[in-house]
Amino acid sequence: MTALNENYLKLPGSYLFSTIAKRVAAYKEENPGRPVISLGIGDVSRPLVPAVVEALHKASDEMGRAETFRGYGPEQGYAFLREAILKHDYLDRGIQLSADEIFVSDGAKSDVANFQELFDASSKVALQDPVYPVYLDTNVMAGRTGAFENGRFGGIVYLPCTEENNFTPQLPDQHADLVYLCSPNNPTGSAMTRAELKKWVDWAAANNSIILYDSAYEAFITQREVPHSIYEIPGAEKVAVEFRSFSKTAGFTGTRCAYTVVPKALQVMDKAGKPHSLNALWLRRQTTKFNGVPYVVQRAAEAVFSPEGQTQIREVIAGYQQNAQVILKALQSAGLTAFGGVNAPYIWLKTPKGVDSWAFFDKLLTGAQVVGTPGVGFGSCGEGYFRLTAFNTPELTQEAARRISAMTF
Ligand code: PLP
């Protein structure tokens, strides 16, 4: 008989977004005259910028001519893109890395999901609660957890992120081999300062732990004390992998391009105590299981770093940041307490006393016809919170804000 990977059976159904969709559909059917605005999803609304579209067209034309056609490319990405990432995101910020420490991929989701394959099944995993679910679910699939009971998996070291600790993960009181940190954070919208991140880098160095640092929302950072890369922290190149994405930076959610930095200084021991380079192992993994990002998409990503591309994407991001301010103001005038929105496109609001995440969802839907995401959907510490996103259009965000500020909670 063929045996299943029964770890998959430990995963509770992914009901969050389907439950939301069902409740919204039912509401719309009963209230056809009341247009609903979604501030729920983490997808962008603005199109690709002109510099990117131009690069896509040009590269498509190249693909149609025999002299410039390209077939399989290097699995880890074309040198032109890796060099552009290196220069713009690292060297220009005073971070010394080399192009062969950068791996281009089709998304930060796949990379954060796949990276755990390089570690032993017994590795202890620590992650934030609330959390971007991919870190947790992929470790469940890999058999690193016990059963799901009372909203949590056995064997995982949860790092509660609550109002009390300013939504900042605190060092655990037990060992963890792998720590997932997400900053700027989805869903809380908080971001770790240099001093806070340094504590984690030092802890990882002292405890032989690896930090898997998801910085998909780096482009939204506004405060100087928030680092743009974990490699701004001395010693991080020996303990951390960094994940970045063009999805939210340049509207590539449907175009698909991201990259992961695996420094060559990052080594992990085998059971005999012999060190191995994670860079070499990740290259081995990618060359075996991945065949690279389309040439046209890599040219499009390269265009993000051109002077015009930079001006254009900064304008789009500024628009989303403006939306975040509009939402924060509306929540404030409705008497609600809200966090985030300063270094991230997410706003994390506290539901009124006695109103849980789902009750707040219903209240906002029926009272303002605005859809958000119940915080409890991201982990048990998300109960009593609610996530709104700044990714809708300015017009709809303003309309949603107007409706919210008119409500009493
Ligand atoms: N990491 C975080 C924290 C995210 O919120 C998301 C997308 O929502 C991703 C990674 C996925 O990014 P990508 O579109 O590059 O796969």
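These entries record what I looked up about the ligand site and the internal cavities of a predicted model.

**Ligand site**

I began with the space that the ligand takes and found it to be the largest pocket. Two elements, α5 (108-114) and α8, give two or more residues each to the shell around the ligand. I counted 14 residues in that shell, the closest being Ala108, Asp214, Tyr217, Ser245 and Ser247. By class, I noted six nonpolar, four polar and four charged residues around the ligand.

**Polar contacts of the ligand**

I next listed distances to oxygen atoms of the ligand. For Ser245, a polar side-chain atom lies 2.6 Å from a ligand oxygen. Ala108 takes part through a backbone N or O atom, at 2.8 Å from an oxygen of the ligand. For Lys248, I read 3.0 Å between a side-chain N or O atom and a ligand oxygen. I then looked up the ligand's area: it exposes 400 Å² when taken alone, and the protein buries 91% of that.

**Cavities**

I searched for enclosed spaces and recorded two cavities of 30 Å³ or more. The largest has a volume of about 60 Å³. Its lining includes Val44, Arg46, Lys248, Ile313 and Tyr320. Lys248 thus appears in my notes twice, in this lining and in a polar contact with the ligand. α11 (307-333) and α8 (247-250) each supply at least two lining residues, and α11 gives the most, with four. I classed the lining as eight nonpolar, two polar and two charged residues.

The second largest cavity holds about 30 Å³ of space. Among its lining residues I noted Gln128, Phe167, Cys182, Asn185 and Met192. Its lining has five nonpolar and five polar residues, with no charged residues.

Definitions and conventions:
Residues are numbered from 1 along each chain as its sequence is written. This is a predicted model: local features need pLDDT of at least 70, side-chain atom pairs count only at pLDDT 80 or more; totals for chains, interfaces and linings use all residues. Side-chain values use heavy atoms; hydrogens and water are left out. On a 1 Å grid over the protein atoms alone, a cavity is a set of points where a 1.4 Å probe fits but cannot get out, and a pocket is an open set with protein on both sides within 12 Å along at least five of seven lines; lining residues have an atom within 4 Å of a point. Grid points are joined across faces, edges and corners, and a volume is the space filled by probe spheres set on the points. Ala, Val, Leu, Ile, Met, Phe, Trp, Tyr, Cys and Pro count as nonpolar, Asp, Glu, Lys and Arg as charged, and the others, Gly among them, as polar. A residue is near a molecule or strand if one of its heavy atoms lies within 4 Å of it. A polar contact is a pair of N or O atoms within 3.5 Å; within protein, one must be able to donate a hydrogen and the other to accept it, and residues adjacent in sequence count only if both atoms are side-chain atoms. Accessible areas come from the Shrake-Rupley method with a 1.4 Å probe; for residues, only the protein chains shown count as cover. A molecule sits in a cavity or pocket if more than half of its atoms lie within 2 Å of its grid points.
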